[in-house]
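Colleague: I am new to this structure and would like to learn how to read it. Could you take me through some features, one at a time?

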Amino acid sequence: MAGLQAGAPTPQSITVHSASRVLEVGFSDGAVFRIPFELMRICSPSAEVQGHGPGQEVLQTGKREVQIVDLQPVGNYAVQPLFSDGHESGIYSWDLLYQLGAREAELWAEYERRLAEAGVDRDAPMPPKGGGGGGACGHPH
């Protein structure tokens, strides 16, 4: 099952901090991450963000103020947030949450590089659907 590799850390606590816009996740190996909602949103594993194959990723912008308004469990292996911009199709496995926390600085640097390549500001509104632009989170396809 996705997100439940043998011996992989599993969440022991998950807390939505709306004021600071972070998801705090404590894992069984002792790691505790405070993952910004914006990072979760721009790195959504959904097809809407990742596309349906390499090169089809859609660069996300204008997500700095996004909130998580609901968080639902998905079996014993993931959570599915509802973001304040209406995005709700991303399913975040325990492994993905761990990677977002552990690789936060690297993912931000990659995102900033992609923004610069595209000549787009982080706070620019999203273009109409259908525009490509390269993702920032290195999800395998």
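Colleague: Let me start with a single residue: is Gln60 buried or exposed?

Modeller: First, some ground rules: this is a predicted model, in which local features need pLDDT of at least 70 and side-chain atom pairs count only at pLDDT 80 or more, while totals for chains, interfaces and linings use all residues. Residues are numbered from 1 along each chain as its sequence is written, and side-chain values use heavy atoms, with hydrogens and water left out. A residue is called buried under 20% relative accessible area, exposed over 50%, and partly exposed in between (1.4 Å probe, protein chains only). Gln60 has a relative accessible area of 3%, so this residue is buried.

Colleague: Where is the place of Gln60 in the chain?

Modeller: Helices (H or I, at least four residues) and strands (E, at least two) are DSSP runs, numbered from the N terminus. Gln60 sits in the loop between helix H2 (47–50) and strand S4 (68–74).

Colleague: What does the side chain of Gln60 make a polar contact with?

Modeller: A polar contact is a pair of N or O atoms within 3.5 Å; within protein, one must be able to donate a hydrogen and the other to accept it, and residues adjacent in sequence count only if both atoms are side-chain atoms. Here the partner is the side chain of Arg41, at 3.0 Å. The Gln60 side chain also reaches the backbone oxygen of Val58, at 2.9 Å. For contact in general, the cut-off is heavy atoms within 4.5 Å. Leaving aside neighbours within four places in sequence, Gln60 is in contact with Arg41, Ile42, Val49, Tyr111 and Met126.

Colleague: Tyr111 brings me to helix H4. Which residues of H4 are buried?

Modeller: They are Leu107, Trp108, Tyr111 and Leu115. Seen down the axis of H4, the buried residues fall within an arc of 100°, so they line one face of the helix. The arc is that of the directions from the helix axis to the C-beta atoms. Turned away from that side is a face with the exposed residues Ala105, Ala116 and Glu117.

Colleague: What do the buried residues of H4 pack against?

Modeller: Their packing partners are strand S3 (32–36), helix H1 (37–42) and helix H3 (94–102). Just after H4, Gly119 has a positive phi of about 65°.

Colleague: Now the interior. Which residues in the largest nonpolar core touch the most other members?

Modeller: A nonpolar core is a set of buried Ala, Val, Leu, Ile, Met, Phe, Trp, Tyr and Cys residues joined through side-chain atoms within 4.5 Å. The largest one has 27 residues, of which Ile35, Leu39, Met40, Tyr92, Leu97 and Leu100 touch the most other members. H3 gives the largest share of this core, five residues. Not counting neighbours within four places in sequence, Leu100 is in contact with Ile35, Leu39, Met40, Cys43, Tyr92 and Leu107.

Colleague: And Pro11, where is that found?

Modeller: Pro11 belongs to strand S1 (residues 11–17), and is buried with a relative accessible area of 19%. Setting aside residues up to four places away in sequence, Pro11 touches Val25, Gly26, Phe27 and Trp94.

Colleague: To finish, how many helices and strands are there in the chain?

Modeller: The chain has four helices and six strands. Of its 141 residues, 40% are buried.
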